[in-house]
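Take a look at the structure below. This report walks through a sheet, a core, a ligand shell and the domains.

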Amino acid sequence: MNSWNAVSEDVRLGENVRLSKFINLYGCEIGDDTKIGAFVEIQKNASVGRCCKISSHSFICEGVQIEDNVFIGHGVMFINDPYPRATNADGSLQTEADWTLQRTVIARGASIGSNATILSNVKVGENAIVGAGSVVTKDVPPNAVVAGNPARLLRFMRESGEEKMPDTVPFLDLVTPHVELEQALVNVFRQGLHTGGFVGGPAVENFERDFATFCQTSHAIAVGSGTDALRFAIMACGIEVGDVVLTVPNTFIATAEAISQARAIPEFIDVDERTYNMSVQMLERYLERQCVQNSAGKLISLRSGRPVTAIVPVHLYGQMADMDPILSLAAKYGLTVIEDACQAHGAEYFSKKHGRWMRAGSMGRAAAFSFYPGKNLGACGEGGAVTTSDPVVAERSKTLRNHGQVRKYVHNFEGYNGRLDAIQAAFLHTKLPYLEEWNKKRRDRAAEYNRLLAQDQALGIPYEPSWSRAVYHLYVVRTDNRNGMVDFLKTKGIGTGIHYPIPLHMQKAYAFLNYTRDDFPVTLRLADEIISLPMFPQLTAQQQAKVVYEIQSFTLSSLDAPAELGINPSVQVGLTA
Ligand SMILES: Cc1ncc(COP(=O)(O)O)c(C=O)c1O
């Protein structure tokens, strides 16, 4: 303490800290080489890092953490209590004990313009810039430039200069990966034209060999679509006409269509509340309570009176179903398991039974993949594949895709025209070497979404159990006001999807199964709450930051504010304690 400054003894001052006159510091910590201007107050339990510049008249209250190399302009105000009051209900003056202290972080290298107000419980990211006079109501992403009241994202700063905030973010970008591979894909097409090899031949065989290796199976049989693949897999596994095949109601219709088209009967098992995949508990309950064993030892569904012979777990959104217990229940009841891996190319499951990570498509007796263009591995058109390590299933699938033909013009049974075009096989073969890298990028983008969205209490982020390595075909979050969020994001130029808005048991197409709306409560709830955010390997950090920023804007604007106080609901109420 001297005649100009009030610096209490409990202040921890670093080396070479430069203090101007008329400052008031107590209980705080100031790092080396930091400069503090005149009329600055820094309260207890606040910290300022090294090499910071705190300009005159700024007020840094308890709970504020300023990291190294931060610039704070003149007259910057921090807030640390979201709902301060002068008095308690009994009229006595409030003390510290009555305040709810919330922390604020200004990350390394950030700059806060003069006269800005930073509300509590926000983080201003590394190197971000907050414009003069802004009111910061929520987290500012790293490198972002924000301004206004409430502060809005304007653009991003990069080492190469300023980058504009993207105006739109597509749900899916199918152009960039194809432009990146344009030369190779055009060459493949030219090769097809020059050889006339349009059906079958080496292009198909090469892709089948390498896709089987990718899936850790002995065989891959390339077919016309994922729906073909699933239908052929079910038929090739010997599922008979009128058999019951169990699957989930929270899936694309093709799963149930393939079962019906194989002339079996779909029956549904509800999904798990956290993974959104088949609930093992519900499957067990169904097998124990909704089936009986007939005199011949067959498992009979009480609902349809038909024998239950197979399970089709769906690896939805790119995450595998909990396969170990599903397979052991199947073994106990003598059922065949056929994986719907149409959304899960490269997804992995840690099997305790086998003591290793196993790939989607390698765990059931057979599996189906789709190469629809938006899939993790997509054709430039339609395509699909059956994978299996069972030579009988492989041979039957090959015959089914080719009119039941065993030798030229010799047909042992009716099959289908279900072959994959050779040009599509060659496109897929060109793209296959990139699949691991694309999946890794999807996982990285998902981790970044998880990190950025974790604080949003109104949002449920995806759950990845320790036994799963998901490949995020879709990144799906949950929120109570799903439709509001979809509409809001649309106005901000952000594409979203809903997978799926009407559960299969409520579709007209399956009215004949006589389910009621409430038969599958988890699926029913999900259908109202899920929203798929933009997800593709080429999603940029800026695009992701825009998506997260707008979601946070939506969450804040949904908070109720007392209209009679005339408070802008998008601004957090805050005065300094
Ligand atoms: C879970 C699931 N099953 C099956 C299919 C059918 O695949 P395809 O569209 O290639 O016939 C899809 C495709 O979207 C799917 O997502």
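**A small sheet**

This model is predicted. Start with an open sheet of 3 strands, ordered β31-β30-β36 and paired in the antiparallel sense. At its edges are β31 (356-359) and β36 (468-469), and each of these pairs on one side only. Strands of a sheet pair through backbone hydrogen bonds, and the pairing can be parallel or antiparallel.

Strand β30 covers residues 348-351. The table lists its two pairings.

| Strand pair | Sense | Bridges | A residue pair |
|---|---|---|---|
| β30 and β31 | antiparallel | 4 bridges | Tyr349 and Met358 |
| β30 and β36 | antiparallel | 2 bridges | Glu348 and Arg469 |

What do β30 and β31 form with 4 residues between them? They form a hairpin. Gly355 sits in the turn and has a positive phi of about 70°.

**The nonpolar core**

Next comes the interior. The largest nonpolar core holds 154 residues. Val130, Val136, Ala233 and Ile234 have the most contacts inside it. Which element gives the most to this core? It is α4, with 7 residues.

Look at Ile234 in particular. Leaving out residues up to four places away in sequence, Ile234 touches Ile239, Val245, Ala258, Ile259, Ala262, Ala264, Ala310 and Ile338.

**Around the ligand**

Now turn to the ligand. It is surrounded by 15 residues. The closest are Ser225, Gly226, Thr227, Ala254 and Ser370. Two elements give two or more residues to this shell: α4 (226-236) and α5 (253-261). Helix α4 gives the most, with 3 residues. So what is the mix by class? The shell has 6 nonpolar, 8 polar and 1 charged residues.

Helix α4 thus turns up twice. It gives the most to the ligand shell, and it also gives the most to the largest nonpolar core.

**The domains**

Last, step back to the whole chain. The domain assignment gives domain 1 (6-163), domain 2 (217-416) and domain 3 (436-560). How far apart are the C-alpha centres of domain 1 and domain 3? They lie 34 Å apart. These two domains touch: 8 residues of domain 1 are in contact with 6 residues of domain 3. On the domain 1 side, the touching residues divide into 4 nonpolar, 1 polar and 3 charged.

Terms used: Residues numbered from 1 in each chain as written. Predicted model: local features only at pLDDT ≥ 70, side-chain atom pairs only at ≥ 80, totals over all residues. Near = placed C-beta within 6 Å. Nonpolar A, V, L, I, M, F, W, Y, C, P; charged D, E, K, R; others polar. Pairing = 2+ DSSP bridges. Core = buried A, V, L, I, M, F, W, Y, C linked by C-beta atoms within 7 Å. Buried ≥ 20, exposed ≤ 12 C-beta atoms within 10 Å, placed from the backbone. Contact = placed C-beta atoms within 7 Å. Domains from an automatic or database assignment.
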